[in-house]
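Here is a short briefing to read alongside the structure. Keep the viewer open and follow along at your own pace.

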Amino acid sequence: MDLYSLYERAQSRLRVQALVLRGYRGSRRLHVGPGVRISRPDLLEIADRCILGAHVSLHISALSAQHSLGRIQLGAHVFLGAQSIIESTSSVQIGADTMLGPNCYVTDTNHGMSLGTPMRLQLGTTSPVVIGEDCWLGAGVIVLKGVTIGRGTVVAAGSVVTRSLPENVVAAGTPARVVRART
């Protein structure tokens with residue numbers, strides 16, 4: 001192992017310890033890249049051997065003061081590519097062995113858009129997001145509220161997932177649609 005690898009490993013361990021000091025109670029066997037931002041580590045569940053790439057953001061909040069806080073769950077061996085963002089006011093679950101390429105965005109919330117009330121004053125709507133085990137989301141994929149992506153599904157780079165996708169398919173486009181079954 002080269003000197004840089006040893007240095008990065010030590011830095012990652014320090015970042016995990018900083019999360020523990022802020023209330024994180026999940027697995028400590030993970031890699032946390034530089035610049036990772038986590039708003040509520042006490043509400044984050046991460047299984048063993050996950051990798052959070054550089055500048056990943058995990059944001060957990062509530063829709064309003066009357067609502068409960070969201071939560072994010074990552075299964076074992078999940079990889080979140082650099083600069084990916086996950087936002088939760090309800091629930092985002094990502095299954096084991098799933099990979100998200102760089103610059104992916106996953107949210108379980110949408111903003112209100114009713115006429116007659118300024119948008120900044122409108123509450124959004126939430127619906128849980130579930131990404132199954134062994135999925136691969138290419139670079140820049142966007143996953144919107146209420147979506148379930150089935151186990152073993154591949155989503156092409158740049159796609160926007162607005163509806164649920166079945167297991168073991170390849171999906172692409174805006175909005176994402178099934179282009180073929182995985183073989």
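The notes below go through a sheet, two loop residues and the salt bridges.

Please keep in mind that this is a predicted model. At its heart for this briefing is an open sheet of six strands, paired in parallel. We then turn to Ser-84, which sits in the loop between strand S7 (79–80) and S8, and to Val-36, which sits in the loop between strand S1 (31–32) and S2. Three salt bridges round off the tour.

**The sheet**

- To trace the sheet, follow the strands in the order S2-S5-S8-S11-S16-S19.
- Strand S2 (37–38) and strand S19 (160–161) stand at the edges; each has a single partner strand, so one side of each has no neighbour in the sheet.
- In general, strands of a sheet pair through backbone hydrogen bonds, either parallel or antiparallel.

**Strand S8 and its two partners**

- Strand S5 (residues 57–60) runs parallel to S8, and four bridges join the two.
- On the other pairing, S8 meets strand S11 (residues 105–107), also in the parallel sense, over three bridges.
- Glu-87 is a handy landmark here: His-59 stands opposite Glu-87 in S8, and Thr-107 is the bridge partner of Glu-87 in S11.
- Which side chains of S8 (residues 85–88) are buried, and which are not? Ile-86 and Ser-88 point to one face and are buried, whereas Ile-85 and Glu-87 point to the other face and are not.

**Ser-84, in the loop before S8**

- Ser-84 has a relative accessibility of 2%, so it counts as buried.
- Which backbone oxygens does the side chain of Ser-84 reach? The backbone oxygen of Gly-81 is reached at 3.0 Å, and the backbone oxygen of Gly-101 lies 3.0 Å from a polar atom of the Ser-84 side chain.
- Leaving aside residues up to four places away in sequence, Ser-84 touches His-55, Val-56 and Ser-57, together with Gly-101, Pro-102, Asn-103 and Cys-104.

**Val-36, in the loop before S2**

- Val-36 touches Leu-52, Gly-53, His-55 and Val-56, again not counting residues up to four places away in sequence.
- Val-36 and Leu-123 are 87 residues apart along the chain, and their C-alpha atoms are separated by 28 Å.

**Salt bridges**

- As background, side chains of opposite charge can pair when their charged atoms come close.
- Glu-8 and Arg-15 meet through their side chains in a salt bridge, at 3.1 Å from N to O. Glu-8 counts as buried because its relative accessibility is 15%, under the 20% cut-off.
- Arg-40 forms a salt bridge with Asp-42, with 2.8 Å between the closest N and O atoms. Arg-40, at 30% relative accessibility, counts as partly exposed, and Asp-42 is partly exposed with a relative accessible area of 24%.
- Arg-151 and Glu-133 meet in a salt bridge with an N to O distance of 3.2 Å. This pair links distant parts of the chain, 18 residues apart: Arg-151 is in the loop between strand S17 (148–149) and strand S18 (154–155), and Glu-133 is in the loop between strand S14 (129–131) and strand S15 (136–137).
- Arg-151 is partly exposed, with a relative accessible area of 43%, and Glu-133 is partly exposed, with a relative accessible area of 38%.

Methods:
Residues are numbered from 1 along each chain as its sequence is written. This is a predicted model: local features need pLDDT of at least 70, side-chain atom pairs count only at pLDDT 80 or more; totals for chains, interfaces and linings use all residues. Side-chain values use heavy atoms; hydrogens and water are left out. Buried means under 20% relative accessible area, exposed over 50%, partly exposed in between (1.4 Å probe, protein chains only). Two strands pair if DSSP finds at least two bridges between them. A polar contact is a pair of N or O atoms within 3.5 Å; within protein, one must be able to donate a hydrogen and the other to accept it, and residues adjacent in sequence count only if both atoms are side-chain atoms. Contact means heavy atoms within 4.5 Å. A salt bridge is a side-chain nitrogen of Lys or Arg within 4 Å of a carboxyl oxygen of Asp or Glu.
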